[in-house]
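Colleague: Before I use this model at the bench, I should like to understand how it is put together. May I put some questions to you in turn?

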Number of protein chains: 2
Amino acid sequence: MTRRINPRTSSEQVSDLTAGRLSVYLRCLNSLDVAGVKAISSKALAERFHLNAAQIRKDLACFGDFGVRGVGYQVQELKRHLRMILGLDRTVRVAILGAGNLGLALADYPGFRQEGFSIIGLFDADPTKVDRRSRGGVQIFDIGEFRKQVRRHAIDIAVIAVPADAAQSVVDTAVEAGIRAILNFSPGTLKVPAEVKLKNVDLTVSMESLSFFLARADSDAKSA
Amino acid sequence: MTRRINPRTSSEQVSDLTAGRLSVYLRCLNSLDVAGVKAISSKALAERFHLNAAQIRKDLACFGDFGVRGVGYQVQELKRHLRMILGLDRTVRVAILGAGNLGLALADYPGFRQEGFSIIGLFDADPTKVDRRSRGGVQIFDIGEFRKQVRRHAIDIAVIAVPADAAQSVVDTAVEAGIRAILNFSPGTLKVPAEVKLKNVDLTVSMESLSFFLARADSDAKSA
């Protein structure tokens, strides 16, 4: 049985938020698959993982006709389709720019390997780091070799893990080398051309939502 | 001029998403303040940082009567209020559990310090790591001392940066020590009591949204 991705849905129409949710659904299906679950309804999926059943149906309907009335979704089949929609049916090749603690941690992050991302290498300007390896065995290259390695290994995604003051120049290096997708961990705003997708991960935002929770809990406790 | 946080808005009503957006607004205001901007309208704020003007007005209206018609928001005043709403008007004390690459990277992450988070210490079970320090000078304690240190330093937030197979037992340790807010970087699902706030940061989700973008761009290019 083959189902095509709905061709009317263009990149613009499907938001980052949808992509994020599809990624969460894939994570849930992985865990159901490990637990031996064969099929699940949108309602049961929503209840089990604290999601929204209507949103699940809406998100998946954008991409084809999954799910059988009364039975639900076939776990393995839906997993395969989600991986295809997310572009994970081929190996996605990743370079990490910056071989400090964060870069080294990301190079060995187990989640990336599980989902078929291949970490091609770390890149750094510090000559004392070049030619060494992360604990997991990822090699550190000279940043001056980045363009060459991008071509050699057909690198898809550059991860920016350098200090804030070096970030824009490293991003420029990545864009000049032909990279079209960048995941940035440096604080601050970076500029990229319109055709390049830049995703910023700001760890402070997550920490602040906890601080917000604690502040509200305190103020609720005082007013109670 | 003092403005109170609207007492009708309880923790339940204000979602994590709102907290995330407030945190983003604060980040934008910080950058405007550095650039010497004194006042800005919601429209200009939205245009400058690719946000939604109506959403900004709606989010801020939950917490009080900010902004002056025709003038906009006073940057420094709104910053101060956002910091108060987010619980950043006092020092938020953070412990990091796990002194591997990720834990060490988080301990020295500059964004945390800028926003008033204080990293009290790293905690690890590995005796060869205990009593050493991160590059930035954060001390590594024995995880067996966690409970004592939580009391001594009134630690608010625990960050989980241990391998997946150790995560639940480390979270249990944190909860038993009285921690009410946890930021988890380990893959997989963790259980906490209802009164504890757990926030999961899954780095794979960000990476997959880039993979999704690349897959869509390829398929659009082929169909064009």
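Modeller: Certainly; two strands pair if DSSP finds at least two bridges between them. Helices (H or I, at least four residues) and strands (E, at least two) are DSSP runs, numbered from the N terminus. This is a predicted model, in which local features need pLDDT of at least 70 and side-chain atom pairs count only at pLDDT 80 or more, whereas totals for chains, interfaces and linings use all residues. Residues are numbered from 1 along each chain as its sequence is written, and chains are lettered from A and ligands numbered from 1 in the order in which they are written.

Colleague: In β7(B), which residue is the bridge partner of Ile160(B)?

Modeller: The strands β6(B) and β7(B) run parallel and are joined by 4 bridges. Within β7(B), the bridge partner of Ile160(B) is Asn184(B).

Colleague: Which residues of strand β6 of chain B point the other way from Ile157(B) and Val159(B)?

Modeller: A residue is buried if 20 or more other C-beta atoms lie within 10 Å of its own, exposed if 12 or fewer, and partly exposed in between, with C-beta atoms placed from the backbone. β6(B), residues 157–160, has buried residues pointing both ways. Ile157(B) and Val159(B) point one way, and pointing the other way are Ala158(B) and Ile160(B).

Colleague: Which residue in β6(B) stands opposite Val94(B)?

Modeller: Strand β3 of chain B, residues 92–97, runs parallel to β6(B), and 4 bridges join them. Opposite Val94(B) in β6(B) stands Ile157(B).

Colleague: Turning to chain A, in what order do the 6 strands of the open sheet lie?

Modeller: The secondary structure of chain A comes to 9 helices and 8 strands. Of these strands, 6 form an open sheet with parallel pairing, in the order β5-β4-β3-β6-β7-β8.

Colleague: Why is one side of each of two strands left without a neighbour in the sheet?

Modeller: The strands concerned stand at the edges of the sheet, and each has a single partner strand, so one side of each is left without a neighbour. They are β5 (140–142) and β8 (197–200) of chain A.

Colleague: By how many degrees are neighbouring strands of this sheet turned against each other on average?

Modeller: Axes are lines fitted to C-alpha atoms, for helices over the stretch in contact, and angles run from 0 to 180 degrees between N-to-C directions. For this average the direction is ignored, and the value is 25 degrees.

Colleague: Which residue in β4(A) stands opposite Val94(A)?

Modeller: Strand β3 (residues 92–97) and strand β4 (residues 117–124) of chain A run parallel and are joined by 6 bridges. The residue of β4(A) opposite Val94(A) is Ile119(A).

Colleague: At about what angle does helix α7 of chain A run to β4(A)?

Modeller: Two residues are in contact if their C-beta atoms, placed from the backbone, lie within 7 Å. Helix α7, residues 146–153, lies across β3, β4 and β5 of chain A. Its angle to β4(A) is about 165 degrees.

Colleague: Which residues have the most contacts inside the largest nonpolar core?

Modeller: A nonpolar core is a set of buried Ala, Val, Leu, Ile, Met, Phe, Trp, Tyr and Cys residues joined through C-beta atoms within 7 Å. Leu97(A) touches residues including Phe123(A), Ile143(A) and Val170(A). The largest core has 128 residues, and those with the most contacts inside it are Leu97(A), Ile160(A), Leu97(B) and Ile160(B).

Colleague: Is Ile85(B) buried or exposed?

Modeller: Ile85(B) is found in helix α4 (residues 75–85) of chain B. Because it has 27 C-beta neighbours inside 10 Å, Ile85(B) counts as buried.

Colleague: Which element gives the largest share of the side of chain B that touches chain A?

Modeller: The contact takes 56 residues from chain B and 55 residues from chain A. Elements that give two or more residues to the side of chain B include α1 (16–34), α5 (101–107) and α9 (203–223). The largest share, 18 residues, comes from α9(B).

Colleague: How are the two copies related?

Modeller: Copies are superposed by least squares on the C-alpha atoms of residues with pLDDT of at least 70 in both. A rotation of 180 degrees with 0.0 Å of shift along its axis superposes chain B on chain A, with an RMSD of 0.1 Å. The two copies are therefore related as by a two-fold rotation axis.

Colleague: In chain B, which residue has the C-alpha nearest the axis?

Modeller: The C-alpha in question is 2.6 Å from the axis. It belongs to Asn101(B).

Terms used: Lists of a residue's contacts leave out its neighbours within four places in sequence.
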